[in-house]
Amino acid sequence: MMAAARMAFASCGRVHLLLPSSPSTPILARTRVGCGGIAKSISFLAPSSAARSTKHAALFCSCTSSSSDAVVAPAPTQSAVEEKKPAAVAEEKSEVPVGELAGLLDIRVGRVVKAWLHPEADTLYVEEVDVGEEQPRTICSGLVKYLSLDQLQDSNVIVLANLKPRNMRGIKSNGMLMCASDASHESVELLTPPEGSVPGERVWFGSEDDKSLQSEPATGNQVQKKKIWESVQPHLKTTDNCTAVLGEHPMRTSAGKVFCKSLQGAGVS
């Protein structure tokens, strides 16, 4: 019995010694905080005189809760609130603007020097494209359904030049010809640089003065790892006059704005 009393005392928070006025008067009382932050009052009652002996004492524990004794946790500080903000909020704050991401793409003026059907894929053309380097780039394009070889040969094009090389049916493709397409992807047209554009010139978005603000392009590995192209592509489209834009910013070369032949409000990829 004494062991049980000691355990009860050990689990409590505050102990008050009460002088009994009768055998049933509580001799000890204490309070502790229970579940939900509610303070509970615990009393230990002495048994009646008939049940007591001089050698042993029996204690009876009673517990009541009181809303007026509720313990209210202190409000969290501002720093604690900031520390518990979801990771998604932090990521949103650190999100890079799409214009800056577009500046990491190496989009260039190109000219198709030679084009032929891929020997192992009926839907692919293989092109050699002059993008201002010592040797033409080999690029594979899924344009057989939309363009004839005559339309592709010697055409002036826009090339996304810093994609990571891909093996396409045994031929390594080093870039992508950029095109406009309708929502159903049934009509596809090449993006075309304005007359007078020079192969190899890097394309930019915005005003004529924004050319000087271009950053160095990312590497192919960076473009893939950071999904730069996937982040920019949804913001590319053509306007009512078929100009290619990023949001509201036109795609430009030093000779003027990049465009497609006839697709309005089309996506660009």
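These legends describe five close-up views of a predicted model.

**View 1. Val 223 sits in helix 6**. This helix covers residues 220-225. Val 223 has a relative accessibility of 2%, so Val 223 counts as buried. The cut-off for buried is under 20%. Leaving out residues up to four places away in sequence, Val 223 touches Leu 105, Asn 162, Leu 163, Ala 218, Ile 228, Trp 229 and Glu 230. Take Asn 162 from that list. Val 223 and Asn 162 are 61 residues apart along the chain, yet their C-alpha atoms are separated by 7.4 Å.

**View 2. Ser 155 lies in a loop**. The loop runs between helix 5 (149-152) and strand 8 (156-160). Ser 155 counts as buried because its relative accessibility is 12%. A polar atom of the Ser 155 side chain lies 2.7 Å from the backbone oxygen of Leu 152. Neighbours within four places in sequence aside, Ser 155 is in contact with Gly 110, Arg 111, Val 112 and Leu 190.

**View 3. Five strands form an open sheet**. Their order is 7-6-5-8-11, and the pairing is antiparallel. Strand 7 (137-141) and strand 11 (176-177) stand at the edges. Each has a single partner strand, so one side of each is left without a neighbour in the sheet. Strand 7 pairs with strand 6 (residues 125-130) over five bridges, in the antiparallel sense. Within this pair, Glu 127 stands opposite Ile 139 of strand 7.

**View 4. The largest pocket holds about 580 Å³ of space**. Its lining has 25 residues. Cys 140, Leu 163, Arg 166, Gly 175 and Met 176 lie nearest the centre. Several elements supply at least two lining residues each: strand 7, strand 9 (166-168), strand 11, strand 12 (179-181), helix 6 and helix 7 (228-232). Helix 6 is also the helix of Val 223, and strand 7 and strand 11 are the edge strands of View 3. By class, the lining divides into 13 nonpolar, nine polar and three charged residues.

**View 5. The second largest pocket holds about 350 Å³ of space**. Here 18 residues form the lining. Nearest the centre are Gly 99, Glu 100, Ala 102, Gly 103 and Phe 205. Helix 4 (98-102) and strand 14 (204-205) each supply at least two lining residues. Helix 4 gives the largest share, with four residues. The lining of this second largest pocket has eight nonpolar, seven polar and three charged residues.

Terms used:
Residues are numbered from 1 along each chain as its sequence is written. This is a predicted model: local features need pLDDT of at least 70, side-chain atom pairs count only at pLDDT 80 or more; totals for chains, interfaces and linings use all residues. Side-chain values use heavy atoms; hydrogens and water are left out. Buried means under 20% relative accessible area, exposed over 50%, partly exposed in between (1.4 Å probe, protein chains only). Contact means heavy atoms within 4.5 Å. A polar contact is a pair of N or O atoms within 3.5 Å; within protein, one must be able to donate a hydrogen and the other to accept it, and residues adjacent in sequence count only if both atoms are side-chain atoms. Two strands pair if DSSP finds at least two bridges between them. On a 1 Å grid over the protein atoms alone, a cavity is a set of points where a 1.4 Å probe fits but cannot get out, and a pocket is an open set with protein on both sides within 12 Å along at least five of seven lines; lining residues have an atom within 4 Å of a point. Grid points are joined across faces, edges and corners, and a volume is the space filled by probe spheres set on the points. Ala, Val, Leu, Ile, Met, Phe, Trp, Tyr, Cys and Pro count as nonpolar, Asp, Glu, Lys and Arg as charged, and the others, Gly among them, as polar.
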